[in-house]
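Welcome! Here are a few exercises to work through with the coordinates open beside you. Try each task yourself before you read the solution.

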Amino acid sequence: MAVAESEFPLVSRRRRRLTGRRVGSALAPYALLAPAAIVIGAILAYPLYLLVRLSFQKYGLFELVRHKGTWIGVDNYRTIFHDSQFWHVVLRTVVFTAVNVTLTMVLGTAIALLIAQLGRSMRLLLTTGLVLVWATPVVVAVNIWRWMVDYEFGVANWTLTKLHFGNFIHHDWFANTWSGFGVITAVIVWGAIPFVTITLYAGLSQVPQELIEAAQIDGARAWNVFREVTLPLLKPIFIILTSLSIIWDFQVFNQVWIMLGERPSPDYYVMGIYAYVTSFRSNEYGLGSAIAVVMVAIMMVATVVYVRQMIKTGEVR
Amino acid sequence: MKARFMVAAILAVMLSAAASTASARVQTAKADSITVWLMGDAQSGWPNVVAEANAAFKAKHPGVDVKVQYQTWGDHLTKFDATIAGGDTPDVLEFGNTETTKYMANGALKQLKAANFPNSKTWLAGLKGSCTFNSKLFCVPYYAGARAVIYRKDQYKSAGIKGTPKSQAAFLTAGKKLMKKFGKSDPNYSAFYFAGKNWYASLAYVYDYGGKIAVRKNGKWVGTLEKPAAIKGLTVAKSTVGALSRASRTTDEAHPQQALVFAKGHVASFIGNGWEWPYALNKDSGNPALADKVGAYPMPSHVKGKLMPEFLGGSDLAIPAQSKNPTLAADWIKAFTSTSAETGLAKVGNIPNTTKLAGVNKDNPQLAPFAVAASSSWFVPTAPNWVNVENADVLQNMLVQIYTGSKSVTAAAKSADKQIEKILNG
């Protein structure tokens with residue numbers, strides 16, 4: 001929020017100055033932007049173009065060996081839209097994303113509020129813990145979790161049994177899709193909380209103390225203070241964090257892939273996995289690309305909604 | 001994440017354009033190394049055979065280095081496909097004998113001349129078949145493996161089991177005795193350790209009752225897992241696994257390695273390859289103390305006195321069509337499939353690629369049971385797209401549904417049949 005406010009005067013000042021300069025220097029900003037634009041074009045736009053092109057081709061092992069696909073128009077899209085498994089996967093991915101984003105945001109906010117209330121040493125301890133979680137590479141983290149919930153030798157089953165939660169010896173967390181996705185959700189939320197918490201905590205420290213005190217004098221309880229004061233002030237941060245979380249959780253891959261030994265059963269397919277399996281396990285690169293394009297499109301819709309929301313909020317202020 | 005496969009897909013296409021121009025140039029340069037992709041089995045089971053082949057190759061080609069890169073069964077084909085796209089394929093590649101057809105049919109492998117390779121007149125017919133497409137040869141048989149029951153003689157004895165079971169009924173009775181004797185006090189104990197995704201051992205029950213995975217009818221593949229014989233086999237497998245195994249229903253026999261679970265002592269028996277026996281006794285990963293307590297016998301059929309057909313596994317060595325050093329690659333394969341190399345392979349429990357060496361393990365009590373087991377075997381449908389059924393884990397997913405009870409045997413088999421037909425006829 002602080003950023004948004006200070007940027008406005010800066011932009012208008014710059015504009016004013018620009019009108020007083022020579023026309024040639026008007027090109028300078030574009031020249032400065034050019035390298036970044038070229039890099040983005042090369043590593044993002046061009047591959048995306050190739051992906052879209054591939055999605056209109058029949059491209060299997062035969063074509064791969066010859067490095068040449070066959071143009072088949074929208075056949076790949078027709079195939080996936082008529083495939084009931086595809087729609088199951090889309091629905092599963094949407095629900096999965098909703099659950100993960102909600103849990104991440106709620107728990108992340110709760111911990112951020114907790115940190116704000118803590119004394120110095122505990123705050124340091126908690127923040128260090130969060131940063132360490134954030135710093136752990138995903139592949140390493142998922143493998144550690146995988147060992148913990150291992151069927152044969154896992155420490156989770158051992159601990160739960162020792163604590164008399166029941167007989168967890170040889171408990172298979174992935175035999176049941178619900179508990180399997182439960183474990184995966186735990187790993188994802190665990191890994192996502194630090195970023196949300198630390199960002200929100202930074203935002204919280206910017207909330208003017210006077211506003212909170214004024215509200216408290218008016219008789220507001222903690223929940224009211226949060227709802228009426230903190231939440232509106234931090235709305236832009238919440239929107240950015242939520243939209244980022246949606247993007248991250250919608251395209252989840254590693255957590256599912258590694259957790260299930262790189263051979264997830266179809267019950268565990270989310271869109272990223274489905275596109276990968278179709279492309280690289282069944283050698284249907286064209287079909288896989290079509291799934292990926294649909295996935296990008298769905299994500300773009302979600303993102304556009306939130307970016308619009310973001311800009312709107314900015315304008316209102 | 002999403003970026004990973006997208007970038008991979010795109011990179012593959014991009015690289016392919018660059019590669020077609022680059023490869024012409026590299027070909028003329030003198031190679032100073034060749035790249036060989038072998039499966040990890042060679043690394044854990046017979047590293048000395050690899051070392052000897054490398055030494056023999058280097059003696060012939062001084063200055064040419066052999067880079068052996070060990071792969072895992074789960075993703076070696078995905079990696080190979082990526083190298084095809086990138087124009088950077090290995091020079092020699094190990095294939096499972098069920099994986100070759102698709103690559104031969106799509107022109108991904110170099111055609112070879114049998115006469116150039118050692119013992120080609122006496123190659124195992126089954127393996128040679130997996131290397132032949134439209135009566136042309138595209139790979140060289142490497143070794144075969146049959147599975148047998150590897151068991152704890154001491155536990156069998158103290159549970160009062162005399163001799164080894166000669167029928168499935170006797171096998172089940174013996175297993176129940178073991179569970180009673182050891183399984184009550186030890187919650188980790190399995191009389192017959194059987195991972196849920198072990199499709200090689202599971203489908204053996206189907207073939208034992210005369211079932212099949214799929215058959216070709218009027219030019220089309222038809223899934224036959226829902227036929228009564230196959231259903232019977234799967235049902236028996238389910239009840240056997242349910243009664244005797246406490247292994248995970250959702251992992252396969254290599255995660256964790258079943259031989260190493262066996263080595264920990266809570267397992268009386270499992271279906272394993274010949275090389276898994278010495279692997280269980282390996283001093284670094286296994287338990288050498290079990291050396292004189294382990295035995296093996298061929299899995300009996302439900303028909304008394306007969307053997308259950310076990311999957312005839314095996315591996316072949318091929319040269320990718322895009323290899324830049326096909327001549328050197330062929331020379332390395334020659335060294336690695338020489339009579340002495342194959343003798344080395346036989347001694348660690350494999351079935352060598354030539355019938356000439358069939359008698360090598362005749363008097364070895366540790367390995368003879370596997371040779372006997374090989375006399376009764378089954379193999380996957382020989383459809384060009386078969387490997388896609390494996391890649392999509394159709395059978396493994398069906399087995400998980402059956403063993404965890406998330407679907408009935410019939411429902412799981414029907415849905416697998418549908419997927420198999422879609423893939424094989426696609």
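**Exercise 1. Chain A**

What percentage of the 317 residues in chain A do buried residues make up? Then describe the fold's contents and extent.

*Solution.* Please keep in mind that this is a predicted model.
- Step 1: count a residue as buried if 20 or more other C-beta atoms lie within 10 Å of its own. Buried residues then make up 28% of chain A.
- Step 2: list the secondary structure, which comes to 15 helices and two strands in chain A.
- Step 3: box the C-alpha atoms of chain A along the principal axes, giving roughly 75 × 65 × 30 Å.
- Step 4: take the contacts in chain A with a separation of 6 or more; residues 24 or more positions apart account for 67% of them.

**Exercise 2. The sheet of chain B**

Work out the strand order of the six-stranded open sheet in chain B, and find its edges.

*Solution.*
- Step 1: follow the pairings across the sheet of chain B to read E2-E1-E3-E13-E6-E14, with mixed pairing.
- Step 2: look at the ends. Strands E2 (65–71) and E14 (351–352) of chain B each have a single partner strand, so one side of each has no neighbour in the sheet.
- Step 3: see what packs on the sheet. Helix H13 (residues 326–336) of chain B touches E1, E2, E3, E6 and E13, and its direction makes about 45° with that of E1(B).
- Step 4: zoom in on one pair. E6 (residues 139–145) and E13 (residues 313–318) of chain B run antiparallel over six bridges, and B:Pro141 has B:Asp316 as its bridge partner in E13(B).

**Exercise 3. Two domains in chain B**

Locate the two domains of chain B and characterise where they touch.

*Solution.*
- Step 1: the assignment gives domain 1 as 2–21 + 29–145 + 312–367 and domain 2 as 147–311 + 385–424.
- Step 2: the C-alpha centres of these two domains of chain B lie 28 Å apart.
- Step 3: 16 residues of domain 1 are in contact with 14 residues of domain 2 in chain B.
- Step 4: on the domain 1 side, H2(B) gives the most, with three residues.
- Step 5: by class, that side of domain 1 of chain B has four nonpolar, nine polar and three charged residues.

**Exercise 4. Between the chains**

Which helix supplies the largest share of the side of chain B that touches chain A?

*Solution.*
- Step 1: 40 residues of chain B are in contact with 37 residues of chain A.
- Step 2: helices H1, H4, H16 and H17 of chain B each supply at least two residues of the chain B side.
- Step 3: the largest share, 11 residues, comes from H1(B).
- Step 4: sort the chain B side by class to get 17 nonpolar, 15 polar and eight charged residues.

Conventions: Residues numbered from 1 in each chain as written. Chains lettered and ligands numbered in written order. Predicted model: local features only at pLDDT ≥ 70, side-chain atom pairs only at ≥ 80, totals over all residues. Contact = placed C-beta atoms within 7 Å. Helix = DSSP H or I, 4+ residues; strand = E, 2+ residues; numbered from the N terminus. Nonpolar A, V, L, I, M, F, W, Y, C, P; charged D, E, K, R; others polar. Buried ≥ 20, exposed ≤ 12 C-beta atoms within 10 Å, placed from the backbone. Pairing = 2+ DSSP bridges. Axes fitted to C-alpha atoms, helices over the stretch in contact; angles between N-to-C directions. Domains from an automatic or database assignment.
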